[in-house]
There are 2 protein chains.
Amino acid sequence: MRGLHADTGYLLYRLGLRSGQLFNSFLLESGLRLRHYAVLRFLATSEGALQRELSARLGYDPSAIVGLVDDLEKLGFAERRPAPDDRRSRIVVLTEGGRAFLRDTDEAGLRVTNELLDPLDAAERETLHALLLRIAEDGLS
Amino acid sequence: MRGLHADTGYLLYRLGLRSGQLFNSFLLESGLRLRHYAVLRFLATSEGALQRELSARLGYDPSAIVGLVDDLEKLGFAERRPAPDDRRSRIVVLTEGGRAFLRDTDEAGLRVTNELLDPLDAAERETLHALLLRIAEDGLS
DNA sequence: GAGCAATAATTGATGACGTCAATAGTTGTT
DNA sequence: AACAACTATTGACGTCATCAATTATTGCTC
């Protein structure tokens with residue numbers, strides 16, 4: 001019989017869970033959850049995104065995005081702006097407050113990752129990251 | 001600003017989600033979910049486990065284990081047996097039906113993993129698996 | 001050995017979350 | 001001008017995690 005962790009896919013699932021829990025526990029202090037953080041990080045890379053882009057790229061339901069952006073707006077981390085060419089859409093952008101938050105928590109995020117990857121040396125971490133990125137780019141984005 | 005997937009921990013979280021979704025969709029046909037599958041696979045490696053062990057090793061709340069084992073018992077995949085040395089405990093064991101189910105679905109699980117790891121060749125998959133296992137063994141088990 | 005803290009399984013309550021259907025407003029097409 | 005497609009939003013529903021409380025049993029300690 002194959003072992004509990006003989007399957008890479010299942011192993012990924014388990015480690016993803018653990019990683020998510022670690023991130024969540026460090027975000028708890030800020031009153032945010034992982035999903036908010038995902039939105040913030042996406043906005044930081046894109047300089048403004050339609051909510052439907054956020055939904056598609058992050059894999060969350062459009063109705064979930066509504067609440068997440070609501071929360072971020074209340075905290076002053078993001079705002080909705082009207083899209084110039086389509087009045088149905090709203091463009092979500094990071095505010096200066098949101099950018100500052102990301103700067104402040106960046107180090108904490110790295111600490112979480114360090115804790116997780118503790119058994120690996122620098123070269124191995126590099127290898128792992130490259131492999132995961134290859135998988136992620138196929139389908140995810 | 002660092003990219004969306006610059007952080008290995010966050011990347012692991014995202015891929016873990018995707019992997020979990022794939023597993024879940026293949027398990028749906030059997031009426032089970034990922035958590036049931038996790039219990040079954042654990043039981044297959046351990047030849048009987050206290051519910052307390054399942055909770056600790058799989059990271060699920062003890063009260064969640066109750067429902068999962070209930071479901072597996074209803075399907076005839078596992079049973080609770082009295083623990084000889086401690087009447088508080090119950091030992092959960094895989095039945096022959098559960099073992100057959102694991103055999104039958106083993107191939108489907110591999111197919112899911114293959115789909116996920118599509119961008120990687122055999123050697124790379126080996127490397128990835130070894131690295132993930134090192135991380136998993138530290139804290140998880 | 002009597003009393004008391006600790007443990008295993010269980011139940012129940014609560015809140016968060018994903019999923020889905022429905023709606024309002026807007027755009028594009030024909 | 002009419003209709004299909006799309007964006008954001010709301011609301012409903014079921015699932016799930018989390019936590020406190022309960023029951024039965026064990027082990028510790030005085």
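Chain B and chain A share 14 residue pairs in polar contact, both partners at pLDDT 80 or more. A polar contact is a pair of N or O atoms within 3.5 Å; within protein, one must be able to donate a hydrogen and the other to accept it, and residues adjacent in sequence count only if both atoms are side-chain atoms. Several parts of chain B take part in the side that touches chain A: H1, helix H2 (34-46), helix H3 (51-58), helix H5 (96-116) and H6 each supply at least two residues. Helices (H or I, at least four residues) and strands (E, at least two) are DSSP runs, numbered from the N terminus. H1(B) gives the largest share of that side, 13 residues.

This is a predicted model, in which local features need pLDDT of at least 70, side-chain atom pairs count only at pLDDT 80 or more, and totals for chains, interfaces and linings use all residues. Residues are numbered from 1 along each chain as its sequence is written, chains are lettered from A and ligands numbered from 1 in the order in which they are written, and side-chain values use heavy atoms, with hydrogens and water left out.

How many residues of each chain are in contact with the other? On chain B there are 53, and on chain A 54. Contact means heavy atoms within 4.5 Å. The two chains bury about 5600 Å² between them, 66% of it on carbon and sulfur atoms. Buried area is the accessible area (1.4 Å probe) that two parts lose on being put together, summed over both. The interface also holds 2 salt bridges. A salt bridge is a side-chain nitrogen of Lys or Arg within 4 Å of a carboxyl oxygen of Asp or Glu. Glu124(A) and Arg134(B) form a salt bridge, with N to O at 3.1 Å.

Now take chain A by itself. Chain A has 6 helices and 3 strands. From the N terminus, its elements run α-α-β-α-α-β-β-α-α. The C-alpha trace spans about 55 × 30 × 25 Å along its principal axes. Of the 141 residues in chain A, 49% are buried. Buried means under 20% relative accessible area, exposed over 50%, and partly exposed in between (1.4 Å probe, protein chains only).

Next comes helix H5 of chain A, residues 96-116. H5(A) has 21 residues and reaches 30 Å from its first C-alpha to its last, close to the 30 Å expected at 1.5 Å a residue. The expected span is 1.5 Å times one less than the number of residues. H5(A) bends by about 40° at Thr105(A). That bend is the angle between axes fitted to the seven residues ending there and the seven starting there. Thr105(A) is also among the buried residues of H5(A), which include Phe101(A), Leu102(A) and Val112(A). Both chains help to cover these buried residues. From chain A, the cover includes helix H1 (8-27), helix H2 (34-46) and strand S3 (90-94). From chain B, it includes helix H1 (8-27) and helix H6 (122-137).

Just ahead of H5(A), Thr95(A) sits in the loop between S3 and H5. Thr95(A) is buried, at a relative accessible area of 14%. Beyond its neighbours within four places in sequence, Thr95(A) is in contact with Gly76(A), Phe77(A), Ala78(A) and Glu79(A).

Charged pairs come next. Over all chains there are 19 salt bridges. One of them joins the side chains of Glu47(A) and Arg99(A), at 3.2 Å from N to O. Glu47(A) lies in the loop between H2 and strand S1 (49-50), and Arg99(A) in helix H5, so the pair ties together parts 52 residues apart in sequence. Glu47(A) is exposed, at 56% relative accessibility, whereas Arg99(A) is buried. A network of salt bridges links Glu47(A), Glu96(A), Arg99(A) and Arg103(A).

Further along H5(A), Arg111(A) forms a salt bridge with Glu107(A), their closest N and O atoms 3.7 Å apart. The two residues are 4 apart, about one turn of the helix. Both are exposed.

Finally, look at Arg80(B), in strand S2 (residues 78-82) of chain B. Is Arg80(B) buried or exposed? Arg80(B) is buried, with a relative accessible area of 17%. Its side chain meets that of Glu73(B) in a salt bridge, 3.4 Å from N to O. Glu73(B) is partly exposed, at 32% relative accessibility. The side chain of Arg80(B) also makes a polar contact with the side chain of Gln51(B), at 2.7 Å. Arg80(B) and Gln51(B) are 29 residues apart in sequence and 9.3 Å apart in space, C-alpha to C-alpha.
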